[in-house]
Amino acid sequence: MKERKYKEDYGLKMVIDDHGREKRETVYRGEWFHLDAQERKKTLLHTGVCAVVFAVFYLVYLERNSPSTRCMYVFPIATCALPCFVYWIMGLWGIWRTPEKMTRVQKEKGIGRTLRSAIGCAVFMGMAAIGDIVFMCIHMEQHAKAEWVSFGLIVCAALAAVRGFLEARDAHNQIKSLGKETQSK
């Protein structure tokens, strides 16, 4: 459904194939964008490292089985970061597959998706950290030491996601518009 908003970027052109028959061919007529290969590789590396760091802290938090993982205002919110993380990985795949000269859809499926997904992970993990603070205030005497470690893991995961967002935002700001006049072959 998202791509339907870009339907005006595409048009049909009649061409003659090798057998002399007319056939319709889809042609991109929308705006073209450019991100040089060096910047794309740097972005892929940096946001990929941030994604790996996020995944490590996130999985270690889940593996620890701390008391907050059984709390309704910490664990479900932290779990909401998982779909965002999956989209983050899909965005990294999109960045890897995107050429230097890209269409609007390629831009949105690569750097745009990484940008939005990383901030989504940061927001959900930040909300889980706030919930963990509330949990520690309520149950401080019972689970003090174990919960501080879990809180640190949540915060480190959130910071890794913020860093991934900042790297993707820098690359997104580096993308130059080539306009509509440049045509592909």
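Confidence in this predicted model averages a pLDDT of 86 across the protein, and 94% of the residues score at least 70. Broken down by element, helix 3 (residues 81–97) comes out with the highest mean pLDDT, at 93, while strand 5 (residues 176–179) sits at the bottom with 80. As a rule of thumb, predicted coordinates should not be read in detail where pLDDT is low.

On to the charged pairs. Searching the whole structure turns up 4 salt bridges, and one of them joins Glu167 to Arg163, with N and O 2.6 Å apart. Both partners belong to helix 5 (residues 140–174), where a spacing of 4 residues puts them about one turn of the helix apart. Their surroundings differ in exposure: Glu167 has a relative accessible area of 9% and so counts as buried, whereas Arg163, at 44%, is partly exposed.

A similar arrangement turns up in helix 1 (residues 37–64), where Lys42 and Glu39 are 3 residues apart and therefore separated by about one helical turn. These two side chains also form a salt bridge, their closest N and O atoms lying 3.8 Å apart. Here Glu39 is the buried partner, with 15% relative accessible area, and Lys42 is partly exposed at 37%.

Arg116 and Glu108 make another salt bridge, with an N to O distance of 3.0 Å. Glu108 has a relative accessibility of 14%, which is under the 20% cut-off, so this residue counts as buried. Arg116, on the other hand, is partly exposed, with a relative accessible area of 39%.

Notes. Residues numbered from 1 in each chain as written. Heavy atoms only, no water. pLDDT = per-residue confidence, 0-100. Helix = DSSP H or I, 4+ residues; strand = E, 2+ residues; numbered from the N terminus. Buried < 20%, exposed > 50% of the residue type's maximum accessible area, 1.4 Å probe, protein only.
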